[in-house]
Amino acid sequence: MEVFDIAGLFVGFDACGSLLFARTRPYLAPPGQKPDFTLSFPDGFFEEKHRRYPQLSPDECRYVWTGEAFYAKLLQNDGMLLHASCVEKDGYAYLFSARSGTGKSTHTHLWLKAFPGSRIINDDKPALRKFDGRFYACGTPFSGKTDESVNARVPVRALVFLERGEENRMEKLDAPAAVPLFLSQTLRPPVRDAMGRLLTLLDELLTAVPAFRLRCNMEPEAAAVALAGVEGYYKSLEKG
């Protein structure tokens, strides 16, 4: 078993299979580090997943369900998953979430072109975790097909839920409107107590971090509209 430093947690598990092994190397903890928790699976677990989902290779099954086990444990440690592409600009994280195929990655790559010095924190499954009362976006090894991720944690500036549109338009969402959008893009636990933890943490997140809806096309202007919408909101707070 190896130990990894993921989202500020030391996590022990066997990184078997070429895919999981390769993507966990940037997250290796210092030698001798004891884990905060471990991920273990019954004998034959991944083989059964492969039989049920033959479209996934055995390596992909190990990668996907190890990630799911990590995010389930994350919820016990003031953290949760958001299916999103997360970009860092000027020391802040902006998360763009939507249904698969909407264009999350395409949009964040517009930011990379529009704003030199920005970078992808995680292109598919960033962890959101609270440290000392503040929410951070964290890279994880579980980053989808593109494997764009860095082992970093960055304070969250905004959550943005994408929809395709002919014109670029940004609108602020209140918490009741944002909750179902978030829940549709996270791991929803089947146990009542765990679901209660998720909802409590989500309430804290939406109290601390603004959420928006961005109707957008995939033209470069979309990145500028998104940034202007977020920064306009913060400027309005400063004016009172």
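These legends go with a set of close-up views of a predicted model.

**View 1. A small open sheet of three strands, E1, E2 and E3.**
Here the strands line up in the order E1-E2-E3, and the pairing is mixed. Strand E1 (2-6) and strand E3 (37-38) sit at the edges, each pairing on one side only. Look between E2 (residues 9-13) and E3 for 2 bridges; these two strands run parallel. To get your bearings, find Val-11, which stands opposite Phe-37 in E3.

**View 2. Leu-9 and its surroundings in strand E2.**
Leu-9 has a relative accessible area of 4%, so it counts as buried. Setting aside neighbours within four places in sequence, Leu-9 is in contact with Phe-4, Asp-36, Phe-37, Leu-74, Asn-77 and Arg-129. Take Phe-37 from that list: it is 28 residues away from Leu-9 along the chain, and the two C-alpha atoms are separated by 8.3 Å.

**View 3. Thr-66, a residue of helix H3 (residues 58-74).**
Is Thr-66 buried or exposed? Its relative accessibility is 2%, so Thr-66 counts as buried. Leaving out neighbours within four places in sequence, the contacts of Thr-66 are Phe-13, Leu-20, Leu-39, Phe-41, Phe-46 and Phe-142.

**View 4. Strand E10 and the strands it pairs with, E6, E9 and E12.**
E10 (153-164) is mostly covered, with 9 of its 12 residues buried. As a reminder, strands of a sheet pair through backbone hydrogen bonds, either parallel or antiparallel. E6 and E10 run parallel and are joined by 5 bridges. E12 (residues 211-216) also runs parallel to E10, this time with 6 bridges. E9 and E10, on the other hand, run antiparallel and share 3 bridges. Val-160 in E10 is a handy landmark: it is the bridge partner of Phe-96, and its own bridge partner in E12 is Phe-212. For the E9 pairing, look for Ala-137, which stands opposite Val-154 in E10.

**View 5. The largest nonpolar core, made of 29 residues.**
Leu-95, Leu-128, Leu-159, Phe-182 and Leu-205 have the most contacts inside this core. Which elements each supply at least two of its residues? They are strand E5 (84-89), strand E6 (92-97), strand E9 (134-138), strand E10 (153-164), helix H5 (175-183) and helix H6 (192-208). The largest share comes from H6, with 7 residues. In soluble globular proteins, nonpolar side chains tend to be buried together.

**View 6. Zooming in on Leu-205 within that core.**
If you ignore neighbours within four places in sequence, Leu-205 is in contact with Met-80, Leu-128, Phe-135, Leu-159 and Phe-182. Leu-128, Leu-159 and Phe-182 are, like Leu-205, among the residues with the most contacts inside the core.

**View 7. Helices H4 and H7 crossing at roughly 90°.**
The axes of helix H4 (residues 104-114) and helix H7 (residues 221-239) come within 8 Å. That crossing makes H4 roughly perpendicular to H7. Which residues meet here? From H4 come His-107, Leu-110, Trp-111 and Ala-114, while H7 brings Ala-222, Ala-223, Ala-226 and Leu-227. The residues of this contact divide into 7 nonpolar, 1 polar and no charged.

Terms used
Residues are numbered from 1 along each chain as its sequence is written. This is a predicted model: local features need pLDDT of at least 70, side-chain atom pairs count only at pLDDT 80 or more; totals for chains, interfaces and linings use all residues. Side-chain values use heavy atoms; hydrogens and water are left out. Two strands pair if DSSP finds at least two bridges between them. Helices (H or I, at least four residues) and strands (E, at least two) are DSSP runs, numbered from the N terminus. Axes are lines fitted to C-alpha atoms, for helices over the stretch in contact, and angles run from 0 to 180 degrees between N-to-C directions. Angles under 35 degrees count as roughly parallel, over 145 as roughly antiparallel, 65 to 115 as roughly perpendicular and the rest as oblique. Contact means heavy atoms within 4.5 Å. Ala, Val, Leu, Ile, Met, Phe, Trp, Tyr, Cys and Pro count as nonpolar, Asp, Glu, Lys and Arg as charged, and the others, Gly among them, as polar. A nonpolar core is a set of buried Ala, Val, Leu, Ile, Met, Phe, Trp, Tyr and Cys residues joined through side-chain atoms within 4.5 Å. Buried means under 20% relative accessible area, exposed over 50%, partly exposed in between (1.4 Å probe, protein chains only).
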